[in-house]
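Visitor: I would like a close look at one part of this protein, the packing in its interior. Could you start there and then walk me outward to the charged pairs, the backbone and the surface?

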Amino acid sequence: MFAEASLSVWGWGGLGVVLFLITFGPFAIFYLAFYIFCFVGGGFAVTLLFGKTNSEKHLEKCEHSYLPPTPTGIAKTLDELKQEIKPIKIDRRLTGSNIIDEPLQQVIQFALRDYIQYWYYTLSEEESFLLEIRQTVQNALVQFSTRSKEVDWQPYFTTRLVDDFATHLRIFRKAQERLNEKDDPKQRDAPEELLDAFFEAEVEMERKICRDMVCTSHKDEEGFLRDLCEVLLYLLLPPGDFHNKNMRYFLREILARGVLLPLINQLSDPDYINQFVIWMLRDSSCNYEAFMNILKLTDKPAELEAVKDKVLEELQYLRSLDTAGDDINVIKNQINSLLFVKKVCETRIQRLQSGKEVDALKLAASFGKLCIIPLDHILVHNIALQFFMDYMQQMGGQADLFFWLTVEGYRVTAQQQLEVMQSWQKDGKKQSSQTKGLLKAAALGVYEQYLSEKASPRVQVDEASLERLAEKLNKEDPTPEIFDDIQRKVYDMMLRDERFYPSFKQHPLYVRMLAELDMLKEPSYRGSDDGDVESFNGSPTGSINLSLDDLTSATTDESMQLHAFISDTGVCNDHGKTYALYAITVFRKNPDGSEDIWKTYRRYSDFHDFHMRITEQFENLNSILKLPGKKTFNNMDRDFLERRKKDLNAYLQLLLNPEMVKACPTLMPYVHDFLENKAYSKGKGDFARKMDTFVNPLRSSMRNVSNAVKSLPDSLAEGMTKMSDNMGRMSERLGQDIKQSIFKVPPLIPKTDIDPEHCRVSAQLDDNVDDNIPLRVMLLLMDEVFDLKERNQWLRRNIKNLLQQLIRATYGDTINRKIVDHVDFMTSPEQVADYVKRFRDSYWPNGILAETPPRRDKNIRMRTRVAAKTILLGIMPDELKHIIGADTTRKGILRVFDMFQHQQLNRRLAYVFLEGFLETMFPQYKFPELFIKLHSRSPRMRAFLQKVRSLQKR
């Protein structure tokens, strides 16, 4: 039944469909669907419209029952918005100085255009927002300018800035020392290990602040800058603008991410710093010796590879040149120089990569030829004396050495006081008895300190000499020569006793002394054309001296007239060595009226050797005769040779000037010997010429200081009271110097509970020199750059005294006033305007935002490093090397340079300078406490504080 019913339903349904299609056609089904859709849609629309109408009527009926009345302020605000907006007037005055305001307004305009307008105009064309931003920025600048005018910047530039830099350098030095203590070479060279050691040392030194998170984490750095900028906006903005959160956050992001962060990124970039160093010292000539020292001392194979690649490039270019005639000799000389540099680079790279690097001191001590420096020269040379002093302390002979030095000091002081006494007697002043009494007291003090039975340690001399000295002290007036006999015996004992000078020449301290004097010969690089062994005999400027007897015995007639000039110059090549040769034409008029004419040929080294001889024998010629300077690179260039020819000609004419001959007749035998038609016999080797260029500048500088002091007699003795104090305390001070030298007690550092090496540099500043700005600055920098606090305190005291003399002789007593005036000049409106203009022109050249320069190639950056190091090492004056030593000078300069090659450490220094600037700018707002809180996120800081608390509980 069910099947039949289902079949009938399908049958009837199918029949209905067939009949529908036959009747209405095949498209009828689409029409049916369309009709149904229209019916349903129309019903929905009618329902929606009917419901909306009824809902509005219902709301109108119950509006007053359920909703509060509309506030009148909204309607008033709508009316004000419909009114015409009044233009905002901006006062363009910022600092009160038109020369500053004009470029500063341009900077503001460019910044708004390039950092705000370009995206704001895509959102709105309303100008009021931009004008309000500008007004807010100007308000902040006005507040900043007002505050800066109230600040005394002299302490910041002369104390705080130097202290921050010196402390940063001390932390870096401590970090390097910690790395050197590690056994694994890979750990010593790893940058991460250096960063860890640096910030660990910072925590120990600062004790309340560690900037590791700010310098190593980009996220933490941005957070720190945001917090700092928000504080600055609070101080600089009007309260209404600051409490506007949108405006405050907007300005905070622009200041933090658009200004400070890019600036710190640039200032901390090592490549930028290296370029800046080269730009700052662009007027300094490239020093060949410094360049070769850098190649021999560098431990970075990348630097050597970069230099080698540049050398190969230059060699390829020179070999491709098509030259003839004289130019070929110039090119050959350049090629030989480049091949030598290439060989040095390859040798150094091979050593570094093989791990066979040997200490230069050990190498020289084992295989090098050590020059011999006499004891009398050691005793008068600051650097050499320091090492001999350390050795004598080790051998127990310090009393003998200090006695010799004390007697030298007594002799000089006594001579000065006797000269003053004689001048007073000429002027009719009667102070002779008092002066003699003071001299006798000083002599007795020396006797008690070293020779009496109470002396400890006591100088061992024969009793007969002591009795004679005691008799003289009791019966005679003291003289400067009263201790000469005993001093001579002490000197002979130090010279001949095997424990002292003979053994010192075999001691490692002697090798280190030679390194400081730059007199070590490295077998791998250096040689001498004058022999295998050099002695330092006769004078500190040479080893082989021309006999005065030979020269003075030469027959020279005063009526004999001599004229000479350089007629030609050329380049010679002898056994692979290229050098310039100067042809000198000499005319000699004999007493009988006849004339002799000849030519002689001399090299520049012959002129230099001749100049050394005559200036050594006739010191007054130093201020008259000036030999043209030496040049190593491109010294065969034709233009250069012509210039040198002209300069040497002027040198000869001055030397042969009749007035010069009349004033210095004993000079002529030297001149005749130099101009004779024969091979010139050099009296000094390369080693001696090195010593001449090293020692003579110190002599001349000390001579200038001495002359300056002598020209100011009032400064020698400001009165008998002061002289009495000085003489009375002389022996006591000398005794203190000895104790300080023996026990290494720094005399200039106050006693504290903290290790001096673990505190800021300013905590150790000598109160006695606080009022002397340049001396304070120099001592701070020299102590840290050259690590002088680890050196003999006698040397450090001498350095301090020498610096005082140099400063006084150079600038007089007005140096502090000049420095204050210079700081005022640096912060004057004219200079500030110049700073703003430089900033504007560098960021917006020709009014257009400067494009970010692409990162430079690695080889270029490495060569820039080498160039910067070379210039820094080359500008160091010889006087500085004479004061503290050549090796110490090199290490100090390279330490400073290495410190700037780490971007994270540079960021730390930039933030330290910024913090110091803000603390000086806003002294009343407790910025130090704020920085402690901002840096308290550091895990190192929390661990250190926890360690301190645990130690305090014990």
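Guide: Let's begin with Phe927 in this predicted model. Leaving aside residues up to four places away in sequence, Phe927 touches Leu228, Val231, Leu232 and Leu235, along with Leu918, Glu919 and Phe922. Phe927 and Leu295 are the two residues that touch the most other members of the largest nonpolar core, which holds 102 residues. A second core, separate from that one, has 51 residues, including Ile378, Leu385, Ala414 and Leu439. Over the chain as a whole, 42% of the 954 residues are buried. The chain has 43 helices and three strands. Among its contacts between residues at least 6 apart in sequence, 74% join residues at least 24 apart.

Several residues that touch Phe927 fall in numbered helices. Leu228, Val231, Leu232 and Leu235 are among its contacts, and helix α10 covers residues 218-236. Leu918 and Glu919 are also among them, and helix α41, residues 903-921, has the highest mean pLDDT of the elements, 94.

Helix α10 also takes us to the charged pairs. Side chains of opposite charge can pair when their charged atoms come close. Glu230 forms a salt bridge with Arg252, with 3.1 Å between the closest N and O atoms. This pair links distant parts of the chain, since Glu230 is in helix α10 and Arg252 is in helix α12 (residues 245-267), 22 residues apart. Arg252 is buried, at a relative accessible area of 16%.

Another pair is Lys308 and Glu346, whose closest N and O atoms are 3.7 Å apart. Lys308 belongs to helix α15 (residues 301-319) and Glu346 to helix α16 (residues 327-354), so this salt bridge ties together parts that are 38 residues apart in sequence. Glu346 is partly exposed, with 30% relative accessible area. Returning to Glu230 and Arg252, salt bridges with shared partners join them with Glu222, Arg226, Arg248, Glu253 and Arg257 into one network.

For a pair inside a single helix, look at Glu177 and Arg173, which form a salt bridge with closest N and O atoms 3.4 Å apart. These two are separated by about one helical turn, because they are four residues apart in helix α6 (residues 154-180). Their surroundings are worth comparing: Arg173 is buried at 3% relative accessibility, while Glu177 is partly exposed at 31%. A search of the whole structure finds 46 salt bridges.

Now for the backbone. Most residues other than glycine have a negative phi, and most peptide bonds are trans. Against that background, a cis peptide bond joins Ser456 and Pro457, with omega about -5°. Pro457 sits in the loop between α21 (432-450) and α22. Helix α22 itself spans residues 463-475 and contains Ser465. Ser465 is buried, with a relative accessible area of 3%, and touches Asp485, Ile486 and Lys489 when residues up to four places away in sequence are not counted.

Two loop residues have positive phi. Arg207 is not a glycine, yet its phi is about 70°; its place is the loop between α8 (191-206) and α9 (212-216). At 36% relative accessibility, Arg207 is partly exposed. Asn846 also has a positive phi, near 60°, and lies in the loop between α37 (829-843) and α38 (858-874). Asn846 is exposed, at 80% relative accessible area.

On the outside, Phe27, Ile29, Phe30, Tyr31, Phe34 and Tyr35 make a nonpolar surface patch of about 770 Å². Tyr35 lies in helix α2 (residues 28-66) and is exposed, with 54% relative accessible area. The accessible surface of the chain is about 54300 Å², and carbon and sulfur atoms account for 55% of it.

Finally, a word on confidence. The mean pLDDT of the chain is 75, and 73% of its residues reach 70 or more. Helix α32 (residues 713-716) has the lowest mean pLDDT among the elements, 28. pLDDT stays under 50 over residues 684-753, where the model has 126 contacts beyond four places in sequence. It also stays under 50 over residues 523-558, with 83 such contacts in the model. Where pLDDT is low, the predicted coordinates should not be read in detail.

Key: Residues are numbered from 1 along each chain as its sequence is written. Side-chain values use heavy atoms; hydrogens and water are left out. A nonpolar core is a set of buried Ala, Val, Leu, Ile, Met, Phe, Trp, Tyr and Cys residues joined through side-chain atoms within 4.5 Å. Buried means under 20% relative accessible area, exposed over 50%, partly exposed in between (1.4 Å probe, protein chains only). Contact means heavy atoms within 4.5 Å. pLDDT is the predictor's confidence in each residue, from 0 to 100. Patches are made of residues with over 30% relative accessible area and no salt bridge: like charges are joined within 9 Å, nonpolar side chains (Val, Leu, Ile, Met, Phe, Trp, Tyr) within 5 Å. Accessible areas come from the Shrake-Rupley method with a 1.4 Å probe; for residues, only the protein chains shown count as cover. A salt bridge is a side-chain nitrogen of Lys or Arg within 4 Å of a carboxyl oxygen of Asp or Glu.
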